[in-house]
Amino acid sequence: MAISPIAMATRQPLPWTPLVVAVDHCKGCELCVAACPKAVLALDRSRVNLLGYHSVVLTDATACTSCALCARVCPDAVFTVWAAPREERR
Amino acid sequence: MTLHARSSSVETQRAAAARLVYRKPDVLIDRATHYCPGCGHGVIHRLLAEVMTDLDLPAHTIAVAPVGCAVFIYDYLDVDFVEAPHGRAPAVATGIRRVRPEAFVLTYQGDGDLAAIGTAEIVHAAARGERITAIFVNNGIYGMTGGQMAPTTLLGQRTTSSPSGRDAELMGYPIRITEMLAQLPGVTYAARGSVADAGSIGRLKVMIRRACQVQIEGGGFAIVEVLSNCPVGWGMTPQESLEHLKGSVAEAYPLGVIVDRSAPSTARPAAAAATNPEA
Amino acid sequence: MAPRQEIEIGLRRTEAELEAGRRARVLMKGNEAIAEAAIQAGCDAYFGYPITPQAELLEWMARRMPEVGRVFVQAESELGAINMALGAAATGARVMVSSSSPGISLMAEAMSYMAGSGTPMVLVNVMRAGPGLGGIGPSQSDYFQATKGHGHGDYRVPVLAPASIGEAMKLMATAFELAERYRTPVMLVADGILGQAMEPVELRFRTPERQAFDWALTGAAGRPARIVKSLDLDPEVLERRNLALQQKYREIARHETRWEGWQLADAEFAIVAYGTAARVARSAIARAREKGMKVGLFRPITLWPFPERELARMSRQLHGILTVELSSGQMIEDVRLAVEGRCPVAFHGRMGGLVPTPDEVLGALKALRGRVERTRTTTSHDPATEHHPGDASANGTGVRTGARRRGRG
């Protein structure tokens, strides 16, 4: 289960993030990168996951609109998508 | 089309005030799959999991796994599974259906499994109007065994067993088996979708949902053919393979509902697609 | 655990049984009696395909199963039928398929799958002459197919061989019991005669009680999902699965071996035969006894597990054994393995759908006795020089080449 940082630390408020990635399930196919309307997804070439791939990473959380298109095209169901808390919604 | 998944853990997030937009359904087992990067099987498995969750099916589903890349589907969908010999899933499902009237019976097959060795089984399950939901993944290749030609391989397409391209003289023409099946009165619903892009995936989910509802509502045989990609087998990057899927593959295999005999105003059967062998 | 030695051959009964039998006796065709026995044994679903000489079994099921509210499907082929059975059986239903030799060949792969995944079901083979399309006459030429594994991989399947319609009816319940107790496909082999003949039988049936299966696929409501499969790509895991299978087979051999002996107590010679061949052997034995020849019948009821220990023990007291089969001689190999050269093993058989006559068997018995007496009077007794099995019609399948051999064929 992709553990959302919020779930992990619900006691004190954390900077909010729209996307949680199951890093070790990603195979770096980049289909989400192409599908993201805001082009804020990219492969993290600085590290390799358990499967031996560069996994995807959100490059700019503020630009993400939580549209979940990435989750829709992802063959490995790596994304958990959250919408911004009401007051902070842009 | 908003993607949503009921999730029991959402309540615990109340304090965080963030709202969950999408989370993978629990019935899709939380593990990395063996599929190649960008392979459409993963998307189809996820759509199945979402539809089954939406329709509350997992608790009484008995599913039939094929022989092919998706032979390990039972490691990814958390429902009861039986493994069928290559091509025989429709017969295995018939046996299940007949002795377990209350079960939701699902088959999942690739193009070699269904349209080559299993042709007799799928034709007769459809002809008998077995109350089964059949998912047919057409990626035009035998993936698990290393990329050989399948009955749905396009003319001219290179595979490891059609190295200089599929030549109709020697290797015959691609089979549009779902159109063939749609002629049979026992088939209540037959449609063809694609995983080519977000829009297609959305429409595909609607088709899969419809094919499951047909069974729930006591209709006859329901089948959804899914045009899917095989980056490794086709020798393309994942993105290129989806472009190819949108291009010549979709041209050879027209998308849409082919027949829906369940709807009150029965949608007219698909225009008998002129089987243009040179597609 | 069933008694090791189940002496309940339809032909021989105690007086009480005869009396009881007379009341509920009816003339039935073998195929139909087997089908009704399966229904009475609680068969939930039957899948079949038309083929002679088994068609009446399918027809009986076509009429009766709907009557009792159960499943009958005539499949698109034997391939379809056996795979439907695989699916139905995986949900814990009591399932049966029937066919005849060529059809059974089409079922080989699925049988291997069911052996590997531990799926119980019963397959009835009403054997006909082969190979290929062969003929529709009675035959036992599927012995190898049934006992040595029809499909691929290290697996065995219990094989029950009735010698009468009455016994076939009894063994149907036994077949379902064995299948469910050991989670394995089970075969019942009859032949064209048993299938087509009509005999007076008693309408007495048995319904093995049901057990809850913790592996059956019923929908994972409130429990973890279950998988019925035979695939394991990890050799370590697959070997463990195979070792478990072999342990199961040793278990079956230890507890479920069935055979019947007749007039063996004082026997100097014995005929080993099953099914219809055993019936012919009984007539021949009766005649041989009239001529003062001490002959008995050793009749395997389970072709697998073959009663090898019992036959081995028996062979110590015998001067010679004659195997009689409706084939070129297949069971004879298991007989020789059991006997291990302790006494000569001769053969008499007919093929093509022909059935050996008691006279032919009597002749073969006399030839065997002659040979034994000759070898007893000559000094050396070298089994290697023995007459190769195979009589006038069944040419020996000798492997030794060279003209020298041909003369003695």
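Why is H6(C) largely enclosed by the rest of the structure? Keep that question in mind; the tour comes to it shortly.

**Before you start**

This is a predicted model, in which local features need pLDDT of at least 70 and side-chain atom pairs count only at pLDDT 80 or more, while totals for chains, interfaces and linings use all residues. Residues are numbered from 1 along each chain as its sequence is written, chains are lettered from A and ligands numbered from 1 in the order in which they are written, and side-chain values use heavy atoms, with hydrogens and water left out.

**Stop 1: helix H6 of chain C**

Select residues 108–117 of chain C, which form helix H6. Helices (H or I, at least four residues) and strands (E, at least two) are DSSP runs, numbered from the N terminus. Here is the reply to the opening question: nine of the 10 residues of H6(C) are buried, so this helix is largely enclosed by the rest of the structure. Buried means under 20% relative accessible area, with exposed over 50% and partly exposed in between (1.4 Å probe, protein chains only). Among the buried residues you can click on Met111(C), Tyr113(C) and Met114(C). Step past the end of the helix and you reach Gly118(C), which has a positive phi, near 70°.

**Stop 2: where chain C meets chain B**

Now show chains B and C together. In this interface, 36 residues of chain C are in contact with 31 residues of chain B; contact means heavy atoms within 4.5 Å. The two chains bury about 2500 Å² between them, and 63% of that is on carbon and sulfur atoms. Buried area is the accessible area (1.4 Å probe) that two parts lose on being put together, summed over both.

Next, pick Glu76(C) and Arg128(B): they form a salt bridge whose closest N and O atoms are 2.9 Å apart. A salt bridge is a side-chain nitrogen of Lys or Arg within 4 Å of a carboxyl oxygen of Asp or Glu. The rule finds two salt bridges across this interface, along with 13 residue pairs in polar contact (both at pLDDT 80 or more). A polar contact is a pair of N or O atoms within 3.5 Å; within protein, one must be able to donate a hydrogen and the other to accept it, and residues adjacent in sequence count only if both atoms are side-chain atoms.

Which parts of chain C should you colour on the side that touches chain B? Strands S2 (45–48), S3 (71–74) and S9 (227–228), together with helices H4 (78–90) and H6 (108–117), each supply at least two residues. H4(C) gives the largest share, eight residues. By type, this side of chain C divides into 22 nonpolar, nine polar and five charged residues. Here Ala, Val, Leu, Ile, Met, Phe, Trp, Tyr, Cys and Pro count as nonpolar, Asp, Glu, Lys and Arg as charged, and the others, Gly among them, as polar.

**Stop 3: a sheet shared by two chains**

Stay with S9(C) and add strand S3 (residues 80–83) of chain B: these strands pair in the parallel sense over two bridges. Two strands pair if DSSP finds at least two bridges between them. Val228(C) is the bridge partner of Val82(B).

Widen the selection to the open sheet of eight strands, ordered S8(B)-S6(B)-S7(B)-S5(B)-S4(B)-S2(B)-S3(B)-S9(C), with mixed pairing. S8(B) (256–260) and S9(C) stand at the edges with a single partner strand each, so one side of each is left without a neighbour in the sheet. Further in, S2(B) (residues 61–65) and S4(B) (residues 104–110) pair in the parallel sense over four bridges, with Thr61(B) opposite Phe104(B).

**Stop 4: where chain B meets chain A**

Hide chain C and bring in chain A. Here 33 residues of chain B are in contact with 33 residues of chain A, and the buried area is about 2800 Å², 63% of it from carbon and sulfur atoms. The rule finds zero salt bridges and 10 residue pairs in polar contact (both at pLDDT 80 or more) across this interface. Select S4(A) (residues 79–83) with S1(B) to see antiparallel pairing over three bridges; Ala83(A) stands opposite Arg19(B).

**Last stop: strand S11 of chain C**

Finally, select residues 269–272 of chain C. Phe269(C) and Ile271(C) on one side and Ala270(C) and Val272(C) on the other are all buried, leaving both faces of S11(C) covered. S11(C) pairs in the parallel sense with S12(C) (residues 295–300) over four bridges, and Leu297(C) is the bridge partner of Ile271(C).
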